[in-house]
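Reader: I'd like to go through the empty space in this model. Can you take me through it?

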Amino acid sequence: MGMFRRAVFAAAGLALSTGLAAAQTTVKWLHIEANPAQVKIWEEVARDFEARNPGVKVDMQYLENEAYKAKAPTLLQSKDRPHIIYSWAGGVLKSQVEAGVLEDITAQVQDFRETLSASAVAAFTVGGKIYGLPHTVSQVGFMANKELLGKAGVDPAGIKTWDALLDAAKKLKAAGITPIAVGGADKWPVHFYWTHLAGRIGGKPAFEAALKGQNGGFEAEPFQKAGDLFKQLVDLAPFQNGFLGFKSQQAIGHFGDGKAAMILAISSFYHTQKVFAVDKVGISDDKLAWIDFPTVPGGAGAPTDTLGGINGWIITKGAPKEAVNFVKHFISPEVQKRLAGSNFLIPTVKGAEAGLGSAFMRNIARNIARSTYHQNFWDQDLGPSVGRVVNDATAELAGGTMTPKQVAKAIQDAFRQGN
């Protein structure tokens, strides 16, 4: 009898343990972060979430930026898709929503959203429904090596206008210094020139008019002139030799190695220029300057207008509720303040920017805070098909195989076909 009872209890114990194993929930989180120091903190945050939520495991998966962009459409259609993926919001997000591969999380984040910047949350809202949460914001501008600029007699504080940038490039070349590094092979780093110039020339009204198909759309004067001005820079041959063969990470490392005076950068390059430098040290803070993208005299864009990203995490269709809970934990004030303190991001949680540890990052936060027009990256905002043409055409302009007029026409043709 005793043996029978022990057998029953053993069987019950086995069933219980099997039930617990079955109750284990794995949250698959796909990210593109290449900075090991930042990933280390992310891993700690994931383990902390697991400790607070017994029975939940967070599985971190990594894909390099370009590989992720190429594979994302297929991944999202897969039955084994990740539950949480990286997003730049904009038109690409809208196309993902229309494809039915994302989860509406509006009800799950109603209270939480109040802790975040309203404009950042709006970037992850499509048709009044929320599909993700913003993690950080960024600005595009020039990171500059003060030491190299000084050797050419260039003061970074004096580069306020487009003509001043052209003059700086000429002085640097005369001094035998490569003016600007760029990752031409990935193309999107090149599109920042054309799109930022279009913003400086035409401002928000020109972009909105083009979206409505007014004034010739993206063939309107501001976009034609953006190409003309960019060609002025291209004609100076300011980029490193073989720039069209450089991936973005290579170009960032080239700048971090002190082989170019400037790089048109996303503010997050503050860290990655160290990660991809050969010595893993890069340009130190005392030698690093930030130059807001130059203004164009007579342009309609305000000097305070910013181009940049509103980046975050979107939840895929059918993801467990624990995926949303993890993202809320990851974007909690506690975690955002920790990441801001290490200068890894410009946070989206209200008030967390006060914890930024470097003057460089605090300056970026101030720029974004005072901006009345923060334009998302065009290659994301215009959606995948048009965004691809923007990147391709502007890279062709940089390589000398398309004219400014041809670039504007190609983009407008792609926009017209997609709308």
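Reader: How many cavities of 30 Å³ or more does the structure hold?
Author: There are 4 of them. A cavity here is a set of points, on a 1 Å grid over the protein atoms alone, where a 1.4 Å probe fits but cannot get out. This is a predicted model, in which local features need pLDDT of at least 70 and side-chain atom pairs count only at pLDDT 80 or more, while totals for chains, interfaces and linings use all residues. Residues are numbered from 1 along each chain as its sequence is written, and side-chain values use heavy atoms, with hydrogens and water left out.

Reader: How much space lies in the largest cavity?
Author: About 690 Å³, where a volume is the space filled by probe spheres set on the points, joined across faces, edges and corners.

Reader: And which residues lie nearest its centre?
Author: I32, Y86, I266, S268 and F269, out of 38 that line the largest cavity; a lining residue has an atom within 4 Å of a point. Elements that give two or more residues to that lining include α2 (36–52), α3 and α15. Helices (H or I, at least four residues) and strands (E, at least two) are DSSP runs, numbered from the N terminus.

Reader: What about the second largest cavity, what volume does it have?
Author: About 100 Å³. Its lining takes its largest share, 5 residues, from α8. Among the residues that line the second largest cavity are H196, R200, D305 and W378.

Reader: Switching to pockets. How much space lies in the largest pocket?
Author: About 1,100 Å³. A pocket is an open set with protein on both sides within 12 Å along at least five of seven lines. The largest pocket has 44 lining residues, and A123, I310, H374, N376 and D381 lie nearest its centre.

Reader: Which element gives the most to that lining?
Author: α4, with 6 residues.

Reader: And which residues lie nearest the centre of the second largest pocket?
Author: K69, V92, Q380, P384 and R388, from a lining of 29 residues. The second largest pocket holds about 640 Å³ of space. Its largest lining share, 8 residues, comes from α3.

Reader: Which residues of α16 are buried?
Author: Among them are V386, G387, V390 and L397, buried meaning under 20% relative accessible area with a 1.4 Å probe, protein chains only. The cover over the buried residues of α16 includes α8, α9 (221–234), α15 and α17 (404–417).

Reader: What follows α16?
Author: G400, with a positive phi near 85 degrees.

Notes. Buried means under 20% relative accessible area, exposed over 50%, partly exposed in between (1.4 Å probe, protein chains only). Contact means heavy atoms within 4.5 Å.
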